Amino acid sequence: MFTLADLRAEATAASFSRGQAYFEEGAVGRVRHRVEDDYFSAFVRGSADYSVELTLTDEGPDFWCDCPYDHEGICKHCVALGLAVLDEFGPEAAPPKAAARTPKNSTTPPRIAGATNPAAPVDAVVSASELEAALREVGKPEKLKFLELELRQNPTLARAFLTHFYGPALLPDPLAADLTLPRLETLRDELRRALSRLRFGHDELADDDGKKPVVMFGIGAGVSRFIQPLAQRVGVVLEPVLRPVAATIETALAAGQLAEALRRWHGAWLGITGVKQPETDVYYLFSGSHYAPQVAEVWVRMMAETGVDLLLSRQEFPAEEAARCLPMLIRPVVEALRPARPGQSQWSPTMPQGGQALLLAAASNPSLAPALREALQPHEAQLSPLLKLRLAAGCRDWTAWELLATQQAALNPALALSLLQFYLDHDRRPDLLRAAERYLPRYAQLVGTFVLAQVQPAENRLLYVKALTHRLEAGQDFADFETLAGLWTVKERAALVLRVLVQRPNQFAPLFRARVLLAENRPAELLPLALALDWHPRPRASYWAVYAPTDLTELPEILQLAARQAPEATLDAVMERTEQYLDNTPRRTLELYQRIGSWLKALYELPALTEQVLLFAEGLYTKYNKLSRLRQALREAQVVPEPEAPLLRPPQSGIPRRAPKPRNPFGK
């Protein structure tokens, strides 16, 4: 019988601890078992993939590994394989074992008297001067080696060490005693091994057309590590592994089985946060320790997409089920109270708060919120404002919710909108109008849209005018200007016209400014407005950036508006600009020809200018007869008639054609 004690006897404390960490991280590949001679083999992933073998004999376990380890006991890779064999096949994998034997390459390590053996004699009192002298004389490597040995062999000292540097131990898993639930270790290891075997190669990351991805990274806080197309392809590779796990959680929640859903979620989260690297990463996307945070980001997003968060916030659960799951739900809050790990670099990738998202969803559930609120009462100072809001809403404590929302709405636009909707649902119109006036300057677009949908001008004219003015300046829809014309005072209208035409003209489109001029009965300024524009701008480019060309699609309509007021002057301006651009040979482009066609077409549609535009277009057609693209643009604009097709002479039958005389290649 091969037991855990046999495995411990084969390895030193350091090798066993490291091998156990390898096993828990899913570094052991598929274990192959040959029954006839109790032979086991597998590949263990360390600094490289090592081949490890185990044969169970009557004398005991016989390990072999191709790693360079040549010290006392077996290596950590052998320990990882032994633990995998015990986990998969159990202690009945071999015949009864003979008496315990000394591990191979064994030299019994010296033990410190009285350190881990209570029976060893030890002085009752240690002299302080003697201890200080020993601390000064003993070198640092010897001190660290002694401390490491004691930490591995003394559980009490190990717990004190972890408590000092990592804070108090987390609450034990309250669902561990429920044997009907799947094992946490099994869920963790299955997902971690599946994630470790994923391949991020050329074929996996290519798009549907087989095009290789563009590897670019996002920059800034709160930004995904990859640009959107690459992040989407990474999610496609991860989805076949994560989607079935999310589906089982969704099924459990839909059936009201909160404990099973939390157990499966917890196991999946442990597997995600414990994964190191995928099997293949040809683009070095996850160099360092970026693989687990990227998987966690996809997982948190998948929880929302699959409806797990929504189900957790709405599904009704029995009181007994909720009570035994409370420690698991509040676990993220307790974990957040623990101090940061020592030596953690500021450049380390940030792990998404998956447990916090789960707790926020549960806090909105009326069947869970009261118990959660009571359990989190001792940690109220550490709770986030969003969690407090969710708890108040879940408990239907609208007085507390309103107070918290009022305090935080100035920092959160979504919360300001929720507060307005709250007042609307509870038919508190005065509070709604006061809150809208308070938050409209800060969140003009969001609150303005709400005001225009829910508030009438007769109810609060000034608020409605401000909201509609914000929308007018953002969208520049002249229909809003016409609506405001019946609501403005003379002073308010003059202030907007001043902003559009004088103070901030570059922020408004030329066509909008032209329509404002017409509405203000200032038609004489239309042609100067059109002449102030660059009708055919040069493309501006630099080594660092290429500037977008000016949008001149509205220029023909501006010219048409100006021509209705001053037709002759407008036509003269168009003719002058056209000839100026065409005479400048380097400025001739296909885009220029199309623009000339659009200018002439806009004026051709006015009856007063039709004949003159036609004459000018025919002159261009004749003068620039070698510019075929210009002639084509004029025909497409329908300002010149289409040329008549040439008549084809009928073939003359019966008259033989003379063959062409061959050309002498050597003659001049």
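## Confidence of the model

The protein chain has an average pLDDT of 84, and 83% of its residues score at least 70. The structure is a predicted model, and its confidence varies along the chain. Among the helices and strands of the protein chain, helix H20 (residues 429–439) has the highest confidence, at 95, whereas helix H14 (residues 331–336) has the lowest, at a mean of 73.

Two stretches fall under a pLDDT of 50. Residues 94–123 stay under 50 throughout, and for them the model has 45 contacts beyond four places in sequence. Residues 343–348 are also below 50, but this stretch has zero contacts in the model beyond near neighbours in sequence.

## Strands E2, E3 and E4

Strand E3 (residues 49–57) pairs with two strands, E2 and E4. With strand E2 (residues 39–45), E3 runs antiparallel, and seven bridges join the two. A hairpin is formed by E2 and E3, with three residues between them. Within this pairing, Phe43 has Ser51 of E3 as its bridge partner.

The pairing of E3 with strand E4 (residues 60–65) is likewise in the antiparallel sense and extends over six bridges. Here the hairpin connects E3 to E4 through two residues. Two residue pairs illustrate the register: Leu56 stands opposite Pro61 in E4, and Val52 stands opposite Cys65 in E4.

## The annotated SWIM-type region

An unreviewed UniProt entry lists residues 50–86 as "domain: SWIM-type". In the model, the chain over residues 50–86 is 30% helix and 38% strand. The end C-alpha atoms of this range are 19 Å apart.

Parts of the strand pairing described above fall within the listed range. Strand E4, at residues 60–65, belongs to residues 50–86 of the record, whereas strand E2, at residues 39–45, precedes that range.

## Helix H29 and its surroundings

Helix H29 covers residues 590–604, and its length can be checked against the expected rise. At 1.5 Å a residue, its 15 residues should span 21 Å; the end C-alpha atoms are 21 Å apart, so the model agrees with the expectation.

Which residues of H29 are buried? They are Leu592, Tyr593, Arg595, Ile596, Gly597, Trp599, Leu600, Ala602 and Leu603. The cover over these buried residues includes four helices: H27 (555–565), H28 (567–583), H30 (610–623) and H31 (628–636).

Methods
Residues are numbered from 1 along each chain as its sequence is written. This is a predicted model: local features need pLDDT of at least 70, side-chain atom pairs count only at pLDDT 80 or more; totals for chains, interfaces and linings use all residues. Side-chain values use heavy atoms; hydrogens and water are left out. Two strands pair if DSSP finds at least two bridges between them. The expected span of a helix is 1.5 Å times one less than its number of residues. Buried means under 20% relative accessible area, exposed over 50%, partly exposed in between (1.4 Å probe, protein chains only). Contact means heavy atoms within 4.5 Å. UniProt positions are given in the numbering used here, feature names are shortened, and annotations may be inferred rather than shown by experiment. pLDDT is the predictor's confidence in each residue, from 0 to 100.
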